[in-house]
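This briefing goes through a single protein structure, topic by topic, for a reader who has the sequence and the coordinates at hand. It is best read with the model open alongside.

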Amino acid sequence: MKLSQFKFDLPLNLIAQNPTKKREDSRMMVVDRKSGHMENKHFRDILEYFDDKDVFVVNNTKVFPARMYGRKEKTGAKIEVFLLRELNKPNRLWDVIVDPARKIRVGNKLYFGENEELVAEVIDNTTSRGRTIRFLWEEDDESFKKMLEHLGETPLPKYIKRKPDDEDKERYQTVYAKYEGAVAAPTAGLHFSRELIKRCEIQGIRFAEVTLHTGLGTFRPIEVEDLSKHKMDAEYYAIDKQACDIVNKAKETGHRICSVGTTTMRAMESSFTAQKLLKPSEGWTNHFIHPPYNFNVADSLVTNFHLPKTSLLIMTCAFAGYDLAMEAYKKAIKDKYRFFSYGDALLIL
């Protein structure tokens, strides 16, 4: 398929700027792949579609405060530094994106904090905007982590046109987030409150946790018309035996497996057996899922409404079927669903 087939006109006022008051109060469109039937619900109604011993697979990655603002030595020019991943803990080496990039060269020093509490040195160019930097910090790991938390802010996507506040620290994070490493929230999971999870468990629905640290590559614009030529950035994932046991037992007894989010789906589709069972593994995946594609583990998907021409929309179309997914998006725009990270949910059965 071609990238241009995933273009649609999205009114900018439908990009959610704030989360709903309560997590499970977001709206949810339910799409049945067999019948093509679509209905408007709320996320709390998800219990109507799943039974005892069905499984929700969730991504327990945790977002860290990845966006920092510093000043360049000598000129004092303001620089945004977006932390992508830690490359070497003892040497405090990080892979980052800088903006504006043309001003930042190897050897430059960057100063962070009102009193320049933290200093970094640029030691390599990786891409046009990418750099490797070394933080010059002599104290222990714990104090370094605290300093990053103090100076960094919640990395809300650029489409959210406001500064992050204290509420975002909690709301741009799933309630089951455990392992720090993501620079973007696995947004389908943001709709689950602790109360809703408890109600699911009372109904007999099991939860299995996998980890995929969402990187910026998930949102990087696709620049090739032929989708088979697009290369995804690799992201770290881990699937343990406990998650596999929960998922595989449900599969073998004919129960539903629902992937909560596209990142969860990518992790599972990176690690399955010939019998289409989930297998334990960890590593880096650059798996790009686009139509036509046969999914191996999950038979239903919760996701948000994504922006045009993104890998997330393309995976949604691979799962629902292109025509049905695009029909659902047309309905979402007509019915004024909220799009993107803080937006509404789509449940595909």
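Helices, of at least four residues, and strands, of at least two, are DSSP runs that are numbered from the N terminus. With that numbering, Gly152 is placed in the loop between α1 and α2 (166-171). The model is a predicted one, and the points below cover its barrel, a hairpin, selected loop residues and its cavities.

**Barrel and the helix packed on it**
- Six strands form a closed barrel in the order β5-β6-β7-β10-β9-β8, with antiparallel pairing, and the twist from one strand to the next averages 45°.
- Within this barrel, strand β6 (residues 78-88) and strand β7 (residues 93-99) run antiparallel and are joined by seven bridges, with Phe82 standing opposite Ile97 of β7.
- Helix α1 (residues 141-151) packs on the sheet and touches β5 (67-72), β6, β7, β8 (109-112), β9 (118-125) and β10 (130-135), while its direction makes about 90° with that of β9.

**The hairpin of β1 and β2**
- Strand β1 (residues 27-31) pairs with strand β2 (residues 38-42) in the antiparallel sense, over five bridges, and Val30 has Glu39 in β2 as its bridge partner.
- Six residues lie between the two strands of this hairpin, in which Gly36 takes a positive phi near 80°.

**Gly152**
- Gly152 counts as buried because its relative accessibility is 14%, and buried means under 20%.
- Leaving aside neighbours within four places in sequence, Gly152 is in contact with Pro65, Arg67 and Met68.
- Gly113 is 39 residues away from Gly152 along the chain, and the C-alpha atoms of the two are separated by 9.7 Å.

**Backbone features in loops**
- Most peptide bonds are trans, and most residues other than glycine have a negative phi.
- Asp99 and Pro100 are joined by a cis peptide bond with omega of about 0°, and Pro100 is found in the loop between β7 and β8.
- Another cis peptide bond joins Pro291 and Pro292, with omega of about -10°, and Pro292 lies in the loop between β15 (281-285) and β16.
- Arg92, although not a glycine, has a positive phi of about 55°; Arg92 sits in the loop between β6 and β7 and, at 6% relative accessibility, counts as buried.
- Lys276, also a residue other than glycine, has a positive phi near 65°; Lys276 belongs to the loop between α5 and β15 and, at 37% relative accessibility, counts as partly exposed.

**Cavities**
- A search of the whole structure finds four cavities of 30 Å³ or more, and the largest has a volume of about 160 Å³.
- The lining of the largest cavity consists of 17 residues, of which Ala185, Thr187, Thr262, His306 and Leu312 lie nearest its centre; the elements giving two or more residues to this lining are α5 (262-268) and β16 (300-304).
- By class, the lining of the largest cavity divides into seven nonpolar, ten polar and no charged residues.
- The second largest cavity has a volume of about 80 Å³, and its lining residues include Arg23, Arg171, Thr187, His191 and Tyr342.
- The lining of this second largest cavity divides into three nonpolar, six polar and two charged residues.
- Thr187 is named in both settings, since it is among the residues nearest the centre of the largest cavity and also lines the second largest cavity.

Technical notes: Residues are numbered from 1 along each chain as its sequence is written. This is a predicted model: local features need pLDDT of at least 70, side-chain atom pairs count only at pLDDT 80 or more; totals for chains, interfaces and linings use all residues. Side-chain values use heavy atoms; hydrogens and water are left out. On a 1 Å grid over the protein atoms alone, a cavity is a set of points where a 1.4 Å probe fits but cannot get out, and a pocket is an open set with protein on both sides within 12 Å along at least five of seven lines; lining residues have an atom within 4 Å of a point. Grid points are joined across faces, edges and corners, and a volume is the space filled by probe spheres set on the points. Ala, Val, Leu, Ile, Met, Phe, Trp, Tyr, Cys and Pro count as nonpolar, Asp, Glu, Lys and Arg as charged, and the others, Gly among them, as polar. Two strands pair if DSSP finds at least two bridges between them. Axes are lines fitted to C-alpha atoms, for helices over the stretch in contact, and angles run from 0 to 180 degrees between N-to-C directions. Contact means heavy atoms within 4.5 Å. Buried means under 20% relative accessible area, exposed over 50%, partly exposed in between (1.4 Å probe, protein chains only).
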